[in-house]
Amino acid sequence: MDTELGNKNEPEQHQNKKRMTLFLVFLNCMLMAIGQVAGPLLMRIYYLHGGKSNWLGAWLLTAGFPILIIPIAISYIRARAREQAGRLLVTKWLFGASAILGVLLGLDSYLYSFGMSYLPVSVSSLLGSSQLAFTAIFAYIVVKHKFTHYSINAVVLMTFGSLILGFHMNGDKPRGEPKGKYILGFFMTIGGAALHGFLMPALEFTYLKAGKAITFDLVLQVQFLISMFATLFCSIPMIINKDFQDISKEAAEFGLGETKYYTILLIAAIVLQFLVIGSLGVIFSSTSLLGGLVSSLLVPVQQAFAVIFLKEVFNAEKGMALAMCLWGFASYLYGEYQKPEANKEESTG
């Protein structure tokens, strides 16, 4: 009788686990959306009105990592309440991997920051397309992620949809900006996309080789370490270049005023940390490929916000890119929906 009762509870437990996974995917995607849309806009405003430090822009991407202390502390208190020993869940392997990934994330942040200092948001968001392609390639190589017709269709559609932006960007170069810096910023952004495309599957591989169950509490600690090492990596050149000492001088000369300067940096640090948390969380609750797809889906959204707040041009090509990205994302979601049905047919056969 107990066995029958246990068997009846199994489908219910499976449904609850599935709902929780979907909730985590949705929550992390929302954090990604907030960070990826608001972060570049704020950093572009910083550069447009007198900001000069690329390393400060990179540092801000992960400098908000102390926010993670709050959920980690809540997790610790809950563990103590359940009479479980609150402890560091990270193994030596995860600590070492987090340090390496953190340094790479710091370098990736610098490449992105450099690109944003010379490119309009409507152009820098092009990196979403190349990032998706690199993520798909590295996901196949590093974690042996299997492609389906739907995921291939999504990758192709969203990549070409965003690449359309790259072929029609002649009118987007800011006035008075040297062509050499504009081109350098473009390729630095593509380089950042390539590195980010490697980082996502690399983190998924780290979880697979962790040698222990990957829980939400463990993921929080890994996120904290990765962001901490990335911030330390970016802090070293800032100290060498005396960027920290120049912040007060830069604030005094900022085009929008000193108060707005500090407000922009503070909010940017928070929303960019949301982006890091969301990106790493999507990998935990789903796959690195989904993270790349969500990131590419947000590219046209960035375009729209750039038009509204920065008065950048939105033309027919950008509208076409939006349609193709939405189509590709829908294709991926439909493919994921079809997976359980395919598994049922295989088990029945």
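Helices, in the sense used here, are DSSP runs of H or I with at least four residues, and strands are runs of E with at least two, numbered from the N terminus. By that reckoning the chain of this predicted model has 13 helices and 0 strands, so that, under the definition just given, the order of elements from the N terminus is written as α-α-α-α-α-α-α-α-α-α-α-α-α. Of the 349 residues in the chain, 50% are buried, and among contacts with a separation of 6 or more, 88% join residues that stand 24 or more positions apart.

A good place to enter the interior is the largest nonpolar core, which has 51 residues and in which Met43, Tyr46, Leu56, Leu203 and Tyr261 have the most contacts. At least two residues of this core come from each of α1 (2–48), α2 (54–63), α4 (92–118), α8 (179–208), α9 (216–240), α10 (243–252) and α11 (258–285), and it is α11 that gives the most, with 11 residues. In soluble globular proteins, nonpolar side chains tend to be buried together. Apart from this core there is a second, separate one of 24 residues, whose members include Leu290, Leu293, Leu297 and Tyr332.

Returning to the first core, one can follow the surroundings of Tyr46, which, when residues up to four places away in sequence are not counted, touches Gly51, Lys52, Ser53, Leu56, Glu250, Phe254, Tyr261, Ile264 and Leu265. Two of these partners, Leu56 and Tyr261, are themselves listed with Tyr46 among the residues that have the most contacts inside the core.

Helix α11 also holds Gln273, and this residue counts as buried because its relative accessibility is 0%, where the cut-off for buried is under 20%. Once neighbours within four places in sequence are set aside, Gln273 is in contact with Leu61, Thr62, Ala63, Gly64, Phe65, Leu68 and Ser227.

The pairing of α2 with α9 can be examined in its own right. Their axes lie 8 Å apart and the helices pack at an angle of about 160 degrees; since angles over 145 degrees count as roughly antiparallel, α2 and α9 are therefore roughly antiparallel to each other, and their crossing is left-handed. On the α2 side the contact is made by Trp55, Leu56, Ala58, Trp59, Thr62 and Ala63, and on the α9 side by Ser227, Ala230, Thr231, Phe233, Cys234, Ser235, Pro237 and Met238. Sorted by class, this contact has 10 nonpolar and 4 polar residues, with no charged residues. Thr62, Ala63 and Ser227, which take part in it, are also among the residues in contact with Gln273.

Key:
Residues numbered from 1 in each chain as written. Predicted model: local features only at pLDDT ≥ 70, side-chain atom pairs only at ≥ 80, totals over all residues. Heavy atoms only, no water. Core = buried A, V, L, I, M, F, W, Y, C linked by side-chain atoms within 4.5 Å. Buried < 20%, exposed > 50% of the residue type's maximum accessible area, 1.4 Å probe, protein only. Contact = heavy atoms within 4.5 Å. Axes fitted to C-alpha atoms, helices over the stretch in contact; angles between N-to-C directions. Parallel < 35°, antiparallel > 145°, perpendicular 65-115°, else oblique. Left-handed = near helix turned anticlockwise from the far one by under 90°. Nonpolar A, V, L, I, M, F, W, Y, C, P; charged D, E, K, R; others polar.
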